Amino acid sequence: MCSECYINQTFVNDDGTTNDHKTSSTPVSPQCDPMRSGVILDTSTLESEVPPLPPRFRFRDFLLGDQGFDDRVQVEFYVNENTFKERLKLFFIKNQRSSLRIRVFNFSLKLLTCLLYIIRVMTDDPGQGAGFGPSPGQHISNKWELIFWVDRKLPVWAIQVIVAIISFLETMLLMYLSYKGNIWEQIFHVSFLLEMINTVPFIITIFWPPIRNIFIPVFLNCWLAKCALENMINDVHRAIQRTNSAMFNQVLILICTLLCLVFTGTCGIQHLERAGKNLSLFNAFYFCIVTFSTVGFGDVTPRIWPSQLLVVIMICVALVVLPLQFEELIYLWMERQKSGGNYSRHRAQTEKHVVLCVSALKMDLLMDFLNEFYAHPRLQDYYVVILCPSEMDLQVGRVLQIPLWSQRVIYLQGSVLKDQDLMRAKMDDAEACFILSSRNDADRMAADHQTILRAWAVKDFAPNCPLYVQILKPENKFHVKFADHVVCEEEFKYAMLALNCVCPATSTLVTLLVHTSRGQEGQQSPEQWQRTYGCCSGNEVYHIRLCDSKFFGEYEGKSFTYASFHAHKKYGVCLIGIKREENKSILLNPGPRHIMASTNTCYYINITKEENSAFIFNQEERKGRPAAGGFYDGPSQLPVHSILASMGTVAIDLQSTSPPDLSAGKLAPPTVNGTGSRRPSIAPVLEIADSSSILPCDLLGDQSEDEASYADDKGHRLTEYVKGYPPNSPYIGSSPTLCHLLAGKASFCCLRLDQGCGHNSFEDAKAYGFKNKLIIVSAETAGNGLYNFIVPLRAYYRPRRELNPIVLLLDNPPENHFLEAICCFPMVYYMAGAIDNLDSLLQCGILYADNLVVVDKESTMSAEEDYMADAKTIVNVQTMFRLFPSLSIITELTHPSNMRFMQFRAKDCYSLALSKLEKKERDRGSNLAFMFRLPFAAGRVFSISMLDTLLYQSFVKDYMILIARLLLGLDTTPGSGYLCAMKISEGDLWIRTYGRLFQKLCSSSAEVPIGIYRTEYHIFSTSEASVSVDDQGEEPRGEKGAEECRGVADHSDHPMPRKKSMQWARRLSKRSTRWHAAQATQPARDHDHRMAQQRLSFYRRSEREELSELVRNRMKHLGLPISEYDDMVNLTASDVMNRVNLGYLQDELNDQQNTLSYVLINPSPDTRLEINDIVYLIRPDPLAYVPDEPRVQSSSLRERFESSTDT
């Protein structure tokens, strides 16, 4: 059925009244829609029936230009209830500022009443009274009446009455406003009762004059003043939004309580003693102070019982109230000590400070930061404010109590995400903010997310504060790109581990460069290598403008190579790069084409910066005469550095200006030319390079050779390589690098090393037949950071014939996006496996590998015991060290202190001596106490925490991060050189010294050496290897044993120790010899001695044979040929047998462990070169000399470099 539809309408009249009308409307259709339920309204009819608005609203619409619609109604909204009571409550209670004014006024009234009471006491005469009984001015004979009646002057009474009326009205008004339904609770409140006691009697005296002089305890208003002061302080803190005022409030309450107790006792005793000794107000105050301080002289005492009773009551109240106040104060003090309190605004504006934000602060992290930060002289006056959300660790607390740090470091417990905590740290006034990630968290991605939020919070609160951020994952870098300096841990880690495979000990080189050192480490050691190594570790990177430099100022207008050549020759400094004023990019070794300008910033390696150097000239230069034996007629004619004296015999033929012949190599020895004269061994460096002096780079010179001669021995099809930028980057923010790439992307199935596919049937590394040794990387997952391990090893400046195959041994299979990123690189494979699985190691080709890189696993970085995070990694590496002793293993550890367990040998006296040396260096305040550990010195172990100093040092040297990225190949700037290495062979020893080598490389190939990686072989003689024992065969004890251990450890030429098991073997042979001496002839003794030696050899070889047999069995099971392993084992066994016969170390299986290696950064120019030295070079950019050739082409290499070959 159809029914009528009704509309309820409400009309608003001009007087504000409303009328409701119910109007029927015509249905839209004769029948209602059965599928719908509800009411159908005709909106056109509804709009027509709504009456128009009053004229005043239509006029407003006309003024505002809104004339299209007249259906608006004015509505007023109120934030609070629009009543008189609510408005009063808002003014007196809720509003912070108005309430604060009311409380200040109330506090002033209470103080005024106390002051009026003191005035009344000072003007009161106890002998006169007024009231009932005696007439005014008559002497009072009854002493008890003095307690109830006082002499109150009329002006004082009038003021007190006015104040009482105001206080009474205010109290009643506040009582009315704060009424919540329980009137008795408000009536019996202590503050209300005190108000009534001190105000109502004065109001009564207005209507009853005879009691005007009655005593009223107005001094009790001090307690009301105390309450008003507390409320006032709370309102102040609330108005200024200060929430951390609990400590201040508690101290204020304690002080006010003490003052109120003393004031109440003073006034009460003085008034009661009016009936007794009649004490003055001062004497009563003196008595209270002496009593409350528990001194009690006894010279002033109350005489009547009411005053004595008051003293008892006051003491009882003090014994109850004061301990409670002190307990609360102590609790708040302890809590404040945990949270660290505040860094005052006055200190922030008058002193310089930096803020360190961390999730959890450990002692190692704190000491690394403090030692590196305060190593710079200009930072000695800075303060460090630590903002950490967790409580202070006990070890950190003990460190911060040391006087050296207690006055410099302030610990605040708080969150960076809270503005209040940032205000406590005065972040807006800080010179810098360091935000460090928690690398030991199990979820490193979550740790990065927290770091990102902290960086955003700091940037939002203090946009002008320089920000130094440490991030863990490279894919999170772009979130903090606004920061002034960013260090991505995984980027640096993988790039450094990659360069360790082609440039040995790059990790040690970079770590020493980014640490601040005095160069005094190891100078007290008896061993020469430790003194040299420690001295060279003091070299750092410094900068100076060319126009301000004594080192480089004279080379303005000369080429970079010329300046580097002569600066090293004259001053011994190593110029490695420059920065133009118009360009913010740093160029490492821009080559001879770059002309030095006065506005250039020079970057050099030296033991100290130029500003701290003293220039000592020789006598010839002081007199202005040319020095004898000079090389050139120019600025470098007079050598200043005394250590270049050995270079005086170098002959330079200035008539020969032709480019040197590269066919004989860079370090070709001098030869005799056709005329019989000696050809120059070191060619001169031109001041301004011309086209004939620019050498063709290696990149362009060997490509045709690579293209023509690189072929597979098994006849496989030659894979075409091109140079270009990787098409797929696994994360945002990666720096584009020109690399060797495949002409076409490899299929994902072809990247699997241990499984064949439709494109090839190879299932192990042997089947591929690689010409170069493998580089195996063991990691837990294929993270985006692993991409930075591949890129430096496939960079365009590395010759194709030197590219090593890369095998990724992953615990978890990689994801497709990672395979998409690496499928364009040549000879990059992956395999699922772990280093603790021998089958996986054999399948991935460990027998054909030169380097095995063990990356720290994220799942093991966090442990219940901090330093146990590396336990699994260390044990696995030790196992591989015993199974494959010829393999070079590069290990990443979480904690640097655990590097002493790498290649661990029990009862090793030399390791014990190194441990003692490390402790001594740490006690001397060295920042590099761990540098003498053999695995670190040789570049075999690395911890990313060592690079934390890179971020800290960038506060003083803002260029260090960029230089480190250029050295590691993370960034490639056009025209900037790259780090590489060159090995010194026996034929290169004619160059003799490092200084001559520096000049030779500069003049021949424009390369800049920066250091040496030296390996020393230590071979023990039989007499030195012997360990003496007594005739009874007992082991040496006490001082004798210690002296023997020190004798081996301190010997500079033979540092490797003997094992205790050798002592057992020699005792066994001596016992056998002595036993046969009494019963057999000399041949019998020789026979027994040989038997003992054979038994010793068998004992020593049994473990090795067992390990070898294990490897052979697994290789047979996998179907791998064992010939290569047998050859390696045979060579190693014979080497071990030779050392057994000579009495050398028995647990070392190759010559590699009879050596020690270390890095010399910018060594002295007269340092003698040794065979097998590896020189670190910064080679100029090869593409910088080919300006007309496009940098990236998709054609073959033969076509790309055809033009350069023709020239």
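**A tour from the largest cavity to the parallel sheet**

Select helix α19, residues 489-502, to begin: in this predicted model that helix supplies the largest share of the lining of the largest cavity, namely three residues. Keep the helix displayed and add Tyr494, Glu780, Thr781, Asp856 and Glu858, which among the twelve lining residues lie nearest the centre of the largest cavity. If you then colour the whole lining by residue class, you will find six charged residues alongside four nonpolar and two polar ones. The space enclosed there amounts to about 90 Å³, and the count of cavities of 30 Å³ or more comes to 13.

Next, turn to the sheet. Select strands β5, β4, β3, β6, β7 and β8, shown here in their order across an open sheet of six strands with parallel pairing. At its edges you will see β5 (409-413) and β8 (485-488), each of which pairs on one side only, while the twist from one strand to the next averages 15°.

For a closer view of one pairing, select β3 (residues 353-357) together with β4 (residues 383-388), two strands that run parallel and are joined by five bridges. Within this pair, centre the view on valine 354, which stands opposite valine 384 in β4.

Finally, add helix α18 (residues 444-461), which packs on the sheet and touches both β6 (432-435) and β7 (467-471). Which angle does the direction of helix α18 make with that of β7? With both elements in view, the angle between their directions can be judged against the computed value of about 170°.

Terms used. Residues numbered from 1 in each chain as written. Predicted model: local features only at pLDDT ≥ 70, side-chain atom pairs only at ≥ 80, totals over all residues. Heavy atoms only, no water. Pairing = 2+ DSSP bridges. Helix = DSSP H or I, 4+ residues; strand = E, 2+ residues; numbered from the N terminus. Axes fitted to C-alpha atoms, helices over the stretch in contact; angles between N-to-C directions. Contact = heavy atoms within 4.5 Å. 1 Å grid on protein atoms, 1.4 Å probe; cavity = no way out; pocket = protein on both sides within 12 Å on 5 of 7 lines; lining within 4 Å. Points joined across faces, edges and corners; volume = space filled by probe spheres on them. Nonpolar A, V, L, I, M, F, W, Y, C, P; charged D, E, K, R; others polar.
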